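User: Hi! I am new to reading protein structures, and I would like to learn how the labels are earned. Could you walk me through this one?

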Amino acid sequence: MYQANTKKPSSIERNIGKKSAFTPGTLALAISGTLMAGVATAEETISLDKLTVEESVTPDTNPYAVPGSPYLAERLSDPRRTRDLAETPQTITVLTATELADTGRTDLREILDGQPGITVGTGENGNAFGDRYVIRGHEARSDVFVDGMRDPGMTIRESFATEQVEISKGPSSSFAGRGTTGGAVNSATKRASSEYDFTKLSAGIGTDSHHRVSLDTNQVINYDTAIRANILHAEEDVPDRAPADRQRKGAAFSITHQPSDDLEITADYYHFEGNDKPDLGTYLDTSGDGQPVANIPVYLQNEDFLDSEVDTATLRIGYEVNPDTRIVNLTRYGTTDNGYVTTGARGTTAYPTLADATNGTNGYSSATLSTHQGWQEVEYFANQFNLLMDRELGGLNHELVFGLEYTDQQVLNGVYDNTATGASNCFSSGRRGPGAAYCLNDASGAEVSDVNSLLQRDISKGDWDSDWNIKTISLSMMDTVDITDKWTLFGGLRYDYYDYKTTANYDPGTGRELTDFINEDGFWNGHVGASYKINPKANVYASFSTATNLNGGESDVGTSCGYGGICAEGANPVLGNPEKTDSWELGTKWRFNDDKLLATAALFRITKSDVMESSDGNSYSTVGTLNTGKNEVEGIELGIAGNLTDKLSVQAGIALMNAKVKESIIEDNVGKTLANFADKSASLHLRYQATQAFAFGGTATYESVRYTGQPDTAANEERGVPEYTVLDAFASYKVNRDMLLRLNVNNLLDEDYYLAAYRSGAFTYIGDKRNVQLTMEYSF
């Protein structure tokens with residue numbers, strides 16, 4: 001049973017003057033007062049407001065959600081966002097824990113892939129994890145945050161300890177610092193609460209050897225202390241692609257202590273292990289129509305692996321100096337270890353003998369296997385200090401936020417030494433000349449035997465090839481002020497001073513002299529705008545914001561110029577100016593249905609200038625040009641979240657965009673769209689509460705065609721991933737107060753679809769085929 005902790009008033013009760021709330025005590029006083037009034041004046045008629053009872057609220061309910069509207073968040077988890085979501089002048093999509101559970105999606109990658117304006121990219125050059133996102137046409141793999149602090153590890157990210165996922169569209173550098181050109185993603189974690197005891201066990205089984213067990217428990221220790229634990233163990237085969245599989249283990253612990261009404265201390269520890277045998281999918285037919293090749297066998301090798309281990313500790317201190325002044329300080333230390341050796345497939349002409357390969361005779365169509373590998377060690381420390389003040393200045397009430405942040409991030413990237421010991425079964429002309437190869441089919445077109453044990457690699461951890469380091473000190477100030485009962489002005493300014501150094505080891509193990517790339521400087525970013533309240537339920541706003549990207553700012557790619565790594569002019573280590581982004585947004589937000597439904601619309605334009613370009617066609621080197629590119633993305637995005645009726649909930653959105661290269665050192669690129677960019681995308685998630693016990697619904701996800709290419713460059717429109725629409729369905733039944741059953745059917749129509757393609761088309765991620773899971777949730 002749930003056991004309420006009644007020894008101590010909740011934070012809502014302590015702030016009852018700020019928001020209307022009923023407690024048992026206030027209700028009793030109201031009733032007794034009414035009775036006394038009736039005794040004193042018997043003839044007097046007293047009208048009481050109608051009492052509305054919302055849906056049953058369990059102790060583990062998302063603290064940021066709107067009561068009675070499971071898909072709508074009332075506010076964001078970041079205290080620097082001083083206004084409710086409906087009054088925040090930016091396109092921000094929030095996915096609540098209830099919606100995440102209904103969809104059955106658990107990895108952040110698959111969660112974000114279902115959102116409009118976001119495209120999944122392939123991993124490469126030290127980031128083969130697939131945890132790579134393109135938001136409004138711009139790379140965002142380093143713009144992932146946890147509780148408002150940057151998470152620099154290029155890792156598999158799970159949602160078992162997540163309260164809600166917050167997706168900010170457009171530059172957010174006033175809050176986040178460098179990067180965030182197209183947007184940022186923040187995960188709000190589950191924290192301990194001294195208000196309730198609860199425990200929820202979730203156990204699921206399904207097709208493709210799926211099983212998943214998680215535990216979420218919150219225990220009140222005493223008057224002012226509580227602990228919370230989230231535990232996960234999950235395994236499954238990749239649907240229809242076994243022996244490719246995914247394994248997840250995790251634990252998150254939170255303890256909160258409140259020695260006084262003014263001071264709260266929370267300590268969190270997060271541990272996660274992901275151990276996958278990845279499937280890099282198929283490849284593009286580069287000699288034909290440039291489309292993905294269907295019906296390719298599962299060719300991953302027995303020795304393939306993708307491992308990720310994360311350990312993070314966070315200390316949060318909140319202190320209320322007075323009702324109008326608060327301090328929030330976060331300190332975090334974390335490490336991430338990543339490693340992978342994976343297999344790709346590339347379409348080619350194969351030959352039975354070396355002589356045939358040399359002469360180009362007796363060739364046949366096949367696919368040869370390639371190796372992709374790397375390891376990464378991440379260590380980081382961060383401290384974020386925020387001072388929030390409500391002050392009357394010049395006769396106006398100002399919501400002021402002052403910030404001071406220090407971060408120290410270190411990423412060491414390296415390679416694995418690997419040698420294929422298996423006997424080759426074909427020959428290929430290859431990029432380095434004719435030689436032995438490993439083919440998926442023979443000259444007759446038949447699949448070769450033992451396809452998963454062709455390479456038989458001998459693998460050992462090799463030397464490092466890049467040592468990436470950046471220390472940053474940031475100062476920021478933000479203000480929101482109501483100048484009339486209808487007009488609100490807002491703005492913010494941030495200065496980041498950084499000390500950047502990357503050491504490149506171009507030829508590990510050869511003794512070649514190491515090369516240092518050093519940059520020490522600072523930059524300003526900000527946002528400004530105004531909103532107008534059309535009526536108490538609707539507003540319109542206009543805003544301007546900026547962002548900055550450093551040359552070599554992506555920690556996972558070292559000196560690969562075309563992927564956000566270091567670009568330099570020839571051998572010159574000068575790094576040039578940072579890339580700059582300007583963004584305009586005109587939007588409106590409307591609340592309906594007693595504030596249980598929020599509708600949004602926004603027009604936007606993002607212009608990125610001084611873009612680094614790889615001019616010699618070799619994106620793996622530092623050779624490039626500094627600040628010669630410029631691109632632009634403009635569009636419209638519509639969204640709706642909350643309750644359409646008392647029984648029907650919705651989370652939906654559509655993004656219609658147009659991307660264009662405005663300037664480039666390569667003339668032919670001007671006017672083309674950007675790579676890895678879906679100009680049309682949409683999602684619709686519905687839930688219908690048919691009875692108090694039974695609910696059902698589903699999700700529709702659409703993405704238009706995406707073309708290959710390097711980030712921030714013109715797309716190769718001859719090679720691409722076709723558009724797709726995928727339908728999912730779910731149903732849940734509440735057996736009793738403590739038990740709920742949920743059935744998820746993902747890819748209901750068993751569609752063949754593809755998520756992303758590497759720039760050369762050498763591998764193309766395949767979307768999961770139809771899969772089914774049955775989950776039991778039991779609370780006690």
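**From values to labels**

Analyst: Happy to! Let's begin with one facing pair: Phe145 stands opposite Asn186 in S11. Please keep in mind that this is a predicted model.

User: What makes strand S8 and strand S11 a pair?

Analyst: Two strands pair if at least two bridges are found between them. Strand S8 (residues 144-146) and strand S11 (residues 183-189) have 3 bridges, in the parallel sense, so they pass the cut-off of at least two.

User: Where do these strands sit in their sheet, and why do strand S4 and strand S9 count as edges?

Analyst: The open sheet has 5 strands in the order S4-S10-S11-S8-S9, with mixed pairing. Strand S4 (92-96) and strand S9 (149-150) each have a single partner strand, so one side of each has no neighbour in the sheet.

User: Why is the contact between Asp279 and Arg241 called a salt bridge?

Analyst: The label asks for a side-chain nitrogen of Lys or Arg within 4 Å of a carboxyl oxygen of Asp or Glu. For Asp279 and Arg241 the N to O value is 2.7 Å, so the pair meets the cut-off of 4 Å. The two residues sit in distant parts of the chain, 38 residues apart: Asp279 is in the loop between strand S16 and strand S17, and Arg241 is in the loop between strand S14 and strand S15.

User: How do you know whether Asp279 and Arg241 are buried or exposed?

Analyst: Buried means under 20% relative accessible area. Asp279 has 16%, so Asp279 counts as buried. Arg241 has 9%, so Arg241 is buried too.

User: Which other salt bridges tie together parts that are apart in sequence, and what puts them there?

Analyst: Among the 41 salt bridges, here are two. Glu637 and Arg136 meet at 3.2 Å, N to O. Glu637 lies in strand S29 and Arg136 in the loop between strand S6 and strand S7, so this pair ties together parts that are 501 residues apart in sequence. Arg212 and Glu158 meet at 2.7 Å, N to O. Arg212 lies in strand S13 and Glu158 in the loop between S9 and strand S10, so these parts, 54 residues apart, are tied together. Glu637 and Arg136 are buried, and both Arg212 and Glu158 are buried as well.

User: What makes a group of residues a nonpolar core?

Analyst: The members must be buried, of certain kinds such as Ile, Tyr, Ala, Leu and Phe, and joined through side-chain atoms within 4.5 Å. The largest core has 23 residues, and Ile296, Tyr299 and Phe763 are among those with the most contacts inside it. Strand S19 (364-393) and strand S35 (724-734) are the elements that give two or more residues to this core. Leaving aside neighbours within four places in sequence, the contacts of Ile296 include Ala345, Leu440 and our earlier Arg241.

User: Why is Tyr733 called partly exposed?

Analyst: Partly exposed lies between the 20% cut-off for buried and the 50% cut-off for exposed. Tyr733 has 41%, so Tyr733 falls in that range. Tyr733 lies in strand S35 and belongs to a nonpolar surface patch with about 760 Å² of accessible area together. Strand S32 (694-703) and strand S36 (739-746) are the elements that give two or more residues to the patch.

Note on methods. Residues are numbered from 1 along each chain as its sequence is written. This is a predicted model: local features need pLDDT of at least 70, side-chain atom pairs count only at pLDDT 80 or more; totals for chains, interfaces and linings use all residues. Side-chain values use heavy atoms; hydrogens and water are left out. Buried means under 20% relative accessible area, exposed over 50%, partly exposed in between (1.4 Å probe, protein chains only). Helices (H or I, at least four residues) and strands (E, at least two) are DSSP runs, numbered from the N terminus. Contact means heavy atoms within 4.5 Å. Patches are made of residues with over 30% relative accessible area and no salt bridge: like charges are joined within 9 Å, nonpolar side chains (Val, Leu, Ile, Met, Phe, Trp, Tyr) within 5 Å. Accessible areas come from the Shrake-Rupley method with a 1.4 Å probe; for residues, only the protein chains shown count as cover.
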